[in-house]
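Work through these exercises with the structure open beside you. Try each task before you read its solution.

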Amino acid sequence: MSLSQHKSQIYKVDNFNDLLSTKFKGDINAICWNRTLKGDFSEIVNKITLDGNMAEILPKQLLELQLSEQGQLAREILLNDFNVLKEHGKIPTLNIIKHYERDDAFPFFPTDVYSFHVDRSPIPADTFLCTYHGASSDILPNSQGTQKILIPEIRAELKKLYGEESDEGFESFLSEFFFDLHYQAKPEAQPINLGIGHLWKLAIDHPESEVLPCLHRAPKEKTGEPRLMMIC
């Protein structure tokens, strides 16, 4: 789905400062700095040995890598993104991801990041993310998703799981286990892929938010092609 087809939800900016300073308002709950990045990010991915499914890369590790000229260009971009976000009070994390852990605790209602969901914070905050290599995340217009706890058959299963005759405490149960954060795409839904190299700011659910939180999900990774992603 083209970004231009959802202008009401997505606002485009041209630089880091505008991305950081532009506020969400109205229907806008996703802000994008559209970028075409130079450099070979796959070289960085290939230089890092993964012991498990994912690993965090610290700036010190990046600086220790022996890289080609194209690899060095990619490293400069990563370090710059990391440092600018950190200078503005964010806590960025750079990850290489083979795949995330799947949630099999509740087979009828997985609450892992492959499900459309919103982020929540007790204080004002935003989610920043950029995929530099590999499959990239999707967002979904709020009108094209239904909160799963409102779907009758899912709600009935959740009440069975809750196991109490009284509904008192049921809503707290849904929140405690993060069921209320997840959404199901409607049949006609058209997810929007966030692409490679673009830096995004997504609205999250917090007490002072004036907009709906942005529905998003992690992609199913391509076999043999780990993702390189920064998020905070």
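**Exercise 1. Look at strand β2 and decide whether its two faces are covered or open.**

Solution. The model is a predicted one.
Step 1. Sort the residues by side: Ala-30 and Cys-32 lie on one side of β2, Ile-31 and Trp-33 on the other.
Step 2. Check burial. These four residues are all buried, and both faces of β2 are covered.
Step 3. Test one residue against the cut-off. Buried means under 20% relative accessible area. Trp-33 has 17% relative accessibility, so Trp-33 counts as buried.

**Exercise 2. Find the partners of β2 and give the direction of each pairing.**

Solution.
Step 1. Recall the general rule. Strands of a sheet pair through backbone hydrogen bonds, either parallel or antiparallel.
Step 2. Take β1. It pairs with β2 in the parallel sense, over 4 bridges. Ile-10 stands opposite Ala-30 in this pairing.
Step 3. Take β10 (residues 199-203). It runs antiparallel to β2 (residues 30-33), and 4 bridges join the two. Here Ala-30 has Leu-202 as its bridge partner.

**Exercise 3. Place β2 in its whole sheet and find the edge strands.**

Solution.
Step 1. Write down the order: β1-β2-β10-β5-β12-β4-β3. These 7 strands form an open sheet with mixed pairing.
Step 2. Find the edges. β1 (10-13) and β3 (54-56) each have a single partner strand, so one side of each is left without a neighbour in the sheet.
Step 3. Add the twist. From one strand to the next, it averages 25°.
Step 4. Follow the β3 end inward. β3 and β4 pair in the antiparallel sense over 3 bridges. Ala-55 has Ile-96 in β4 as its bridge partner.
Step 5. Go one strand further. β4 and β12 are also antiparallel, with 5 bridges. Ile-96 stands opposite Leu-228 in β12.
Step 6. Check the cover of β4. Of its 5 residues, 4 are buried.

**Exercise 4. Describe helix α4 and show how it sits against the sheet.**

Solution.
Step 1. Get its length. α4 covers residues 69-87, which is 19 residues. From first C-alpha to last it reaches 27 Å, close to the 27 Å expected at 1.5 Å a residue.
Step 2. Recall the helix rule. An α-helix has 3.6 residues a turn, so residues three or four places apart point the same way.
Step 3. Pick out buried residues. Among them are Ala-74, Leu-78, Phe-82 and Leu-85.
Step 4. Ask what covers them. The cover includes the helices α1 (16-21), α2 (41-47) and α3 (59-64). It also includes the strands β4 (93-97), β5 (126-133) and β12 (227-231).
Step 5. Set the direction. α4 lies across β4, β5 and β12, and runs at about 20° to β12.
Step 6. Look just past the helix. Gly-89 takes a positive phi of about 85°.

**Exercise 5. Describe the sheet that contains β6.**

Solution.
Step 1. Write the order: β9-β6-β11, an open sheet of 3 strands with antiparallel pairing.
Step 2. Find the edges. β9 (192-193) and β11 (215-217) each have a single partner strand, so one side of each is left without a neighbour in the sheet.
Step 3. Count bridges. β6 (residues 138-140) is joined to β11 by 3. One of the matches is Ile-139 with His-216.

**Exercise 6. Classify the ring pair of Phe-16 and Trp-33, then say what it links.**

Solution.
Step 1. Start with the total: 9 aromatic pairs.
Step 2. Classify this one. The ring centres are 5.4 Å apart, the planes make 55°, and the pair is tilted.
Step 3. Locate the partners. Phe-16 lies in helix α1 and Trp-33 in strand β2, so the pair ties together parts that are 17 residues apart in sequence.
Step 4. Check Phe-16. At 8% relative accessibility, it counts as buried.

**Exercise 7. Find the aromatic cluster, then find a lysine over one of its rings.**

Solution.
Step 1. List the cluster: Phe-109, Tyr-162, Phe-170, Phe-173, Phe-177 and Phe-179.
Step 2. Find the lysine. Lys-159 lies over the face of Phe-170, at 5.7 Å from the ring centre.
Step 3. Place Lys-159. It is found in helix α5 (residues 152-162). At 35% relative accessibility, Lys-159 counts as partly exposed.
Step 4. Compare sequence and space. Lys-159 and Phe-170 are 11 residues apart in sequence, and their C-alpha atoms are 7.6 Å apart.
Step 5. Look elsewhere for another such case. Lys-201 lies over the face of Phe-24, at 5.4 Å from the ring centre.

Terms used: Residues numbered from 1 in each chain as written. Predicted model: local features only at pLDDT ≥ 70, side-chain atom pairs only at ≥ 80, totals over all residues. Heavy atoms only, no water. Expected span 1.5 Å × (residues − 1). Buried < 20%, exposed > 50% of the residue type's maximum accessible area, 1.4 Å probe, protein only. Contact = heavy atoms within 4.5 Å. Pairing = 2+ DSSP bridges. Axes fitted to C-alpha atoms, helices over the stretch in contact; angles between N-to-C directions. Phe/Tyr/Trp six-rings, centres within 6.5 Å; stacked < 30°, edge-to-face > 60°. Lys NZ or Arg CZ within 6 Å of the ring centre and 35° of its normal.
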